[in-house]
Amino acid sequence: MSENHKIIEIEVLRYNPESDEEPHLEVYKVPFTDDMSVLQGAQYIKDNFDGSLTFRWSCRMAICGSCGMMINGIPKLSCETFLRDYYPNRIRIEALAHFPIEKDLVVDLSGFIEKLEAIQPYIIPKEPKTLAEGEYLQTPKEFNAYIQFTSCINCTLCYAACPQFGLNPDFIGPAAMALLHRYNMDSRDGASASRMELVASEEGVYNCSAVGYCSEVCPKHVDPASAVNINKANAAKDYFLRFLSPKGGSK
Amino acid sequence: MSKRKPYVRSMDGWWKKNPYFVEYMIHESTALFVAAYCLVLLVGVIRLGQGEAAWNGWLAAMQSPLSVLCHLVLLAGAVYHTYSWFKILPITMPPVIVGGKKMAPEALTGTALAVAAAAGLALLALVWRIAL
Ligand code: SF4
Ligand code: FES
């Protein structure tokens, strides 16, 4: 690091489950260069001040989705957020909001993983084909119907942006709903009826009060809020359809 | 034995923690302005049912300076409510495809606001003509 580096104060919400009753803030003075991300700031603290500081990261290029944190109260990927943009002010980093804190900046994502499983995130073909029968074809138009919802990197920033998830952790939430929508919109898939049961359930889309912040913070422009809201209409349609035909819609 | 002890943070005062949430609360609470104006109109309908004297009394009450002031406040609330809902319209409705492409969020909001303004003005013109 060069001699003429600047120094930024980074305030970190620390929590050690083995010794702490509740989280507390600690301030570190971190020398930085203009190309340093907030993640690198945390790394500097870990390497030079306190090796026990715990956080997740992997790719450092906004693609693995593991480095999300609250940065001055806003959910962001710390690897694509730069210290220079906050200097000379103090910067505060905290574990992603609305999730239980496991340790320091690491949150408990087990609930989220269960939700991802629950939505059946794979294509369940309308009619199974043998290999000999060839591939399932799709037109560009059919492809465009869902492609946007495939970009999710499971960073869970949208959950940290969703007060309804904070108030009810059972809410299936933005990213899982976006992925569900991705499969329901896929012309090769035939399982939307069974996924719609989850959409309309107690944990489903009606927990959403259209705050819309999830789409605002999403680093991949997935627009999970639109997936949630389109499915409010779909669930309502399903509900009324079953009065018209015994087969229409799901339970 | 597990050393795990996940800490759950309180949601108290969540809506004060982010300007986006404050704005959300304002836009939700302006619904009360719209509801209040519906009540005003409902009272008018009830008074109409009670005969000419009651109706004229209601009309006179509507013209008092306090009532005019109330109308202005309620109008401001209703206009903000309309604006803030149309601002999130792009995420609350299915995508609108024009010429094979998804309509831009700004265009969608702009169109909705223009339609709302036109409908408002048309209604005003109609009522004006009846009143004259
Ligand atoms: S929808 Fe966006 S914010 Fe939510 S997990 Fe996926 S990439 Fe992250
Ligand atoms: S480290 Fe992979 S997204 Fe930031």
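# Working through a predicted two-chain model

Both A:Asp104 and A:Arg14 are buried. That pair is a good way into this structure, which is a predicted model. Let's work through a few exercises.

## Exercise 1: A buried charged pair

Find out what links A:Asp104 to A:Arg14, and where in chain A each residue lies.

*Solution.* Start with the side chains: they meet in a salt bridge, with N and O 3.0 Å apart. Next, place the partners. A:Asp104 belongs to the loop between β6 (101–103) and β7 (106–107) of chain A, while A:Arg14 is in strand β1, so to speak 90 residues away, and the pair links distant parts of the chain. Strand β1 covers residues 6–14.

Now check burial for A:Arg14. The cut-off for buried is under 20% relative accessible area. A:Arg14 has 6% relative accessibility, so it counts as buried.

Last, look around A:Arg14. Its side chain also makes a polar contact of 3.1 Å with the side chain of A:Ser52. Beyond its neighbours within four places in sequence, the residues in contact with A:Arg14 include A:Asp20, A:His24, A:Tyr28 and A:Leu53.

## Exercise 2: Where the chains meet

Describe the interface of chain B and chain A, beginning with how many residues of each are in contact.

*Solution.* Count first: 22 residues of chain B touch 37 residues of chain A. Then take the area. The two chains bury about 2400 Å² between them, and 58% of that is on carbon and sulfur atoms. Three residues, B:Tyr7, B:Arg9 and B:Ile91, supply 29% of the area that chain B buries against chain A, more than any other three residues.

Now for the polar side of things. Across this interface there are 12 residue pairs in polar contact, both at pLDDT 80 or more. On the chain B side, the elements giving two or more residues are α1 (19–29) and α5 (89–92). The largest share, four residues, comes from α1(B). Sort the chain B residues by type and you get 14 nonpolar, two polar and six charged.

## Exercise 3: A bridge between chains

Three salt bridges cross the interface of chain B and chain A. Take the one formed by B:Arg4 and A:Asp108, and work out which residue is buried and which is partly exposed.

*Solution.* The closest N and O atoms of B:Arg4 and A:Asp108 are 3.2 Å apart. B:Arg4 sits in the segment before α1 of chain B and A:Asp108 in the loop between β7 and α2 of chain A, so the pair joins two chains. B:Arg4 has a relative accessible area of 49%, which makes it partly exposed. A:Asp108, at 17% relative accessibility, counts as buried.

## Exercise 4: A helix in chain B

See how the span of helix α4 of chain B fits what is expected, then find what its buried residues pack against.

*Solution.* Helix α4 runs over residues 65–87, which is 23 residues. From first C-alpha to last it reaches 33 Å, close to the 33 Å expected at 1.5 Å a residue. Its buried residues are B:Ser67, B:Leu74, B:Gly77, B:His81 and B:Ser84. These pack against α1, α2 (31–49) and α3 (52–62) of chain B.

## Exercise 5: More salt bridges

Which residues of chain A are linked in a network of salt bridges?

*Solution.* The network links A:Glu9, A:Glu11, A:Lys29, A:Arg90 and A:Arg92. For the wider picture, the whole structure has 15 salt bridges over all chains. One of them joins the side chains of A:Asp186 and A:Arg182, at 3.0 Å from N to O. A:Asp186 counts as buried at 2% relative accessibility, and A:Arg182 does too, at 10%.

Methods
Residues numbered from 1 in each chain as written. Chains lettered and ligands numbered in written order. Predicted model: local features only at pLDDT ≥ 70, side-chain atom pairs only at ≥ 80, totals over all residues. Heavy atoms only, no water. Contact = heavy atoms within 4.5 Å. Buried area = accessible area lost by both parts, 1.4 Å probe. Salt bridge = Lys/Arg side-chain N within 4 Å of Asp/Glu carboxyl O. Polar contact = N/O pair within 3.5 Å; in protein donor to acceptor, adjacent residues only side chain to side chain. Nonpolar A, V, L, I, M, F, W, Y, C, P; charged D, E, K, R; others polar. Buried < 20%, exposed > 50% of the residue type's maximum accessible area, 1.4 Å probe, protein only. Expected span 1.5 Å × (residues − 1).
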